[in-house]
Amino acid sequence: MRRNGPLALIFHTIFVIVMVAPILVVCLVAFTPEGFLSLPTNGFSLRWFRAIANYPEFIHAFWVSLGLGALSSFVALLFAVPAALALARYRFRGRDALAALFLSPLMIPHVVLGIAFLRFFTSAGLGGSFAALIIAHVIIVFPFALRLTLAAATGMDLSVEMAAVSLGAGGWTLFRRVTLPLIMPGVISGWALAFIQSFDDLTMTVFLAAPGTETLPVRMFLYIQDNIDPLVTSVSACVIAVTMTALILLDRFYGLDRVLAGKGDTGR
Amino acid sequence: MSTAADERNARAPWALTAPALMLFVGVLLIPLAMTVMLSFHDWGQYKGIEPVFILKNWHEIATDPYYAEMFWRTFRIAILTTLLTALLGAPEAYILNRMSGRWKSIFLLVILGPLLISVVARTLGWALLFGGSNGLVNKLLMSAGVIRSPIPFMFTETGMVVALAHVMMPFMVLSVWAALQRLDPQIENAAMSLGAGPITIIRRIIMPQIMPGVLSGAIIVFSLSASAFATPAIIGGRRLKVAATLAYDEFLNTLNWPLGAAVATLLLVALVLIVVGSNALIERRYAEVFR
C-alpha cells in the first residue's frame, strides 16, 4: 500500500487538532487561576475544582448520575443476558423482529423517547421519581448491553456446555458455573458501555429529571443555559475523567476498537 | 421423548426473551402510542389537557409558517452537517486507512473516542472556542488570513453546523472506515500498474467502492443531527429553535403538551420515512456491494 503524501498529512493534522480542540480547551480552562473564562497563561490552579464543593447541586447530581448509570446498566443486563442467549442459540419465527425491537431505542430520537416517558410516567404517578429515571435508562442502554452480550454468546464454544451437561450439571448450575463465566467479558463490557451511555445522556433525561433527581448532564445543561463560567468547565473535566476511566475499563476487558467498530455497523 | 425435547426447544427462546419483550411493550411501545394519541388532544391555558380527538395541533403545525420555518431550519442544519462530515470524514478515513499499524490505532482512538465523551462537555468546548467576537476560532482564522472580520458563531446556524459536525464526525469516519476494510488494496495497485494517476484512482476506483459507506454514514449523521438537542440548545440559544428544542419548550416551558407531542411525532415519522426510504434506495443501487 502506498504512503500518504504531505498534503494528506497536513489535512490529517488539522483534522485531528480540530477533533481534539474543544475537549482540550474545556480541560485547560478548568485549571485557570482567574475568576473568568480564560486559558491558564500564568500558572495552573485548582480553585475551580475546589469551588465545586460550594455547589452541592453538582455533587448531588454526580451521585444521582453515578447511581443511575450503575443501576440501570445492571438491570438492563438482567433482561439482556437471557435475551442474548436466546437470540444467539435459537433460530425461531419472530427472531429478527424481536432483535429489531430490542435495538429500536437506537433509532428513535431521544427527544421523542423523553416525551413518551414523561407522558407515561406522569400518568402512572411516577413523574420526576428516581424509579422512572431507572426504567427509562434501562430502555435506552438496553441495545448496548444486548449487543456486546450477544457478540460474546455467539462466539461461545458450546462443547464446554455439553461437557458440563454430560457431567450432570443442569439448569441454574450450568448457567452460573459454565455459561456466565464464559460470556463474562462481554457482560462486563456491555455494562461499561451501557454505563457510559446512561452517564452521558442529556436529551431524554432532561424531560424526566425533577429537582432532586437531576443528573449531572442535566444540571450542567441548565447551568450553561444561564451563564458559562470556569466552574462548569471544571465539572466537565471531572465528567470527562469518569468517562475516560470507563473507557480504559472497556479497553482492558474487550478492546475499544471492537466496541466502537461494532457501533456503526449494526447500529442502524 | 424427542417431541417433548422439541417442544421445550421451541419454547425456550420465548421464555428467555419474555422478560425483555414485556419490558419493551410495557415501557416503550405503550408510551410511544400514548404520545401519538396525546398529539390529538386539546389544550388550553387554563383548562390544561383535554382528552378529546381533534386535529387542532396538526392543523396549527400545517398552517402556521413558524413551524414550516422551524422544520426547514432543522433539516437545513442536518443536511449541511451531513455534507460537512462526508466531505471531511471520508478523506480522513482514507488517510487513516493508509497509515501504519500503530499510528492507525492511536489516531482511530483519538477520532472515535469523543463519541463516548459527554455531548454537553464537547459543545461547551465549542462555546468556549467561539466565545464572542474575540473567540479563539475567529482569532486563528483572521491571523491565518482566511477571513477579514470575525464571523458570528454563537447563536447562529453556522456555529450549530460546525459544532454538530464535530459531534457527528466519528459516525462518518467509522462508517467509511468499515467500507474501506472491505476494499481489496490490490485493486489500487492493479489500477496503478495499468497507468492510472492518483486522481483517476480516487475517482474511478476508491470513490465508487466507499460510496455505500459514505451514504450509510450520511443516514446516521442526518437522523442524529435532525433530532439533536444539546448542541442546538447551547450554541443556538433560546431564539434559534430546531424541532427538538421546540418540543422541549412546549413541554417544559409553555406546558402545551399536545402541541409538543405533535412536533415530536412529526419529527419521528419524517425521520423514519427518510431513513427507511434512503436505506432501500442505497441497498438497491449498491446491491452488489452488500452481497
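In this predicted model, the contact between the two chains draws on 69 residues from chain B and 67 residues from chain A. On the side of chain B that touches chain A, the largest share, 17 residues, is supplied by helix α1 (residues 2–38) of chain B. The residues on that side of chain B comprise 56 that are nonpolar, 10 that are polar and three that are charged. The model as a whole has an ipTM of 0.89 and a pTM of 0.90. For chain B, the mean pLDDT is 89, with 95% of its residues at 70 or more; within this chain, confidence is highest in helix α3 (residues 65–97) of chain B, at a mean of 95, and lowest in helix α13 (residues 287–290) of chain B, at a mean of 60.

Chain A contains 12 helices and zero strands, and its C-alpha trace extends over about 70 × 65 × 30 Å along the principal axes. Of the 268 residues in chain A, 42% are buried. Among the contacts in chain A with a separation of 6 or more, 76% join residues that are 24 or more positions apart.

Two helices of chain A combine a span that agrees with expectation and a kink. Helix α1 (residues 6–29) of chain A has 24 residues, which at 1.5 Å a residue should span 34 Å, and the distance of 33 Å between its end C-alpha atoms therefore agrees with the expected value. A kink of about 40° is nevertheless found in α1(A) at Ala21(A), shortly before the proline Pro22(A). Pro22(A) is itself one of the buried residues of this helix, which also include His12(A), Phe15(A), Met19(A) and Ile23(A). The buried residues of α1(A) are covered by elements from both chains, including α11 (230–253) of chain A and, from chain B, α3, α4 (101–112), α5 (119–130) and α7 (157–181). Helix α3 (residues 56–89) of chain A, with 34 residues, reaches 49 Å from its first C-alpha to its last, close to the 50 Å expected at 1.5 Å a residue. In α3(A) a kink of about 30° lies at Ala80(A), shortly before the proline Pro82(A).

Ala80(A) also belongs to the largest nonpolar core, which has 152 residues and in which Ala80(A), Ile115(A), Phe117(A), Phe142(A), Ala145(A) and Ala247(B) have the most contacts. Helix α6 (residues 130–154) of chain A provides the largest share of this core, 17 residues. Leaving aside residues up to four places away in sequence, Phe117(A) touches Ala136(A), Met204(A), Phe207(A) and Leu208(A), as well as Pro31(B).

Gly168(A) is placed in the loop between α7 (158–166) and α8 (171–200) of chain A, and this residue counts as exposed because it has 8 C-beta neighbours inside 10 Å. Between Gly168(A) and Ala80(A) there are 27 Å in space, C-alpha to C-alpha, and the two are 88 residues apart in sequence.

Two loop residues of chain B stand out by their backbone angles. Most residues other than glycine have a negative phi. Phe155(B), in the loop between α6 (136–143) and α7 of chain B, has a positive phi near 60°, and Leu255(B), in the loop between α11 (243–254) and α12 (257–285) of chain B, has a positive phi of about 70°. Phe155(B) counts as partly exposed because it has 14 C-beta neighbours inside 10 Å, and Leu255(B), with 14 other C-beta atoms within 10 Å, is likewise partly exposed.

Key: Residues numbered from 1 in each chain as written. Chains lettered and ligands numbered in written order. Predicted model: local features only at pLDDT ≥ 70, side-chain atom pairs only at ≥ 80, totals over all residues. Contact = placed C-beta atoms within 7 Å. Helix = DSSP H or I, 4+ residues; strand = E, 2+ residues; numbered from the N terminus. Nonpolar A, V, L, I, M, F, W, Y, C, P; charged D, E, K, R; others polar. pLDDT = per-residue confidence, 0-100. Buried ≥ 20, exposed ≤ 12 C-beta atoms within 10 Å, placed from the backbone. Expected span 1.5 Å × (residues − 1). Bend = angle between axes of the 7 residues up to and from the residue. Core = buried A, V, L, I, M, F, W, Y, C linked by C-beta atoms within 7 Å.
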